[in-house]
Amino acid sequence: MQALQGAAIPKLIGMYTTKDGKKTVLMMSYAGKASSSLSELGPCDKLALFHRLVCLHKVGVQHNDLDPRNVSTQSSSGPTIIDFDQASLDHNCPGVLCTELQQFAQALNLDPAAQIKTLSEETAIRWNLYVIVAAFISAVVPTLFRLLRRLRNI
Ligand SMILES: [Zn+2]
């Protein structure tokens, strides 16, 4: 969740509990003014918002109260999802079959299957790059050490 703070969701400043433990206050960074309608978002902000929701789902968070009033559109980092008092933290997202993702994509006039597929492909490409880099390093580094040992012996 820390990686999503300040972009997809407001940054957590602190959590404070009264001495008697009866009240807890969660302080979050200011994320701007709540939206009155998702139609005021441009196409890039709609995509960014949906991708941020997918990221939240991937870490197990389901918002359960997605509504324009729970989206801030005035943050400098783009649209931010706010108000998590209805959220569940144990969401095992089925991806394209996820009801919340489907409904929010419809609200944004996006094709959820296409967006989730695009994100999955981006993740797959990223992982393939990591594998290629790791394979390259594991092949080159031992060769470099052997070469350095030979140079020392000369
Ligand atoms: Zn989901």
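Helix H1 (residues 43–58) and helix H2 (residues 99–107) have axes that come within 11 Å and cross at roughly 175°, helices being DSSP runs of H or I with at least four residues, numbered from the N terminus. The axes are lines fitted to C-alpha atoms over the stretch in contact, with angles running from 0 to 180 degrees between N-to-C directions. H1 is therefore roughly antiparallel to H2 (angles over 145 degrees count as such). The model is predicted: local features need pLDDT of at least 70, side-chain atom pairs count only at pLDDT 80 or more, and totals for chains, interfaces and linings use all residues. Residue numbers start from 1 along each chain as its sequence is written.

On the H1 side, the contact uses Phe50, Leu53, Val54 and His57, and H2 answers with Leu101, Phe104 and Ala105 (contact puts C-beta atoms, placed from the backbone, within 7 Å).

Those three H2 residues, Leu101, Phe104 and Ala105, are also buried, with 20 or more other C-beta atoms within 10 Å of their own; 12 or fewer would make a residue exposed. They sit on the same side of H2, because they cover an arc of only 105° around the axis, taken from the directions from the helix axis to the C-beta atoms. Thr99, Gln103 and Gln106, on the other side of H2, are exposed.

As for individual contacts, Leu53 touches Ile81, Leu101 and Phe104, leaving aside residues up to four places away in sequence. Just after H2 comes Asn109, with a positive phi near 60°.

Key:
Helices (H or I, at least four residues) and strands (E, at least two) are DSSP runs, numbered from the N terminus. Angles under 35 degrees count as roughly parallel, over 145 as roughly antiparallel, 65 to 115 as roughly perpendicular and the rest as oblique. Two residues are in contact if their C-beta atoms, placed from the backbone, lie within 7 Å.
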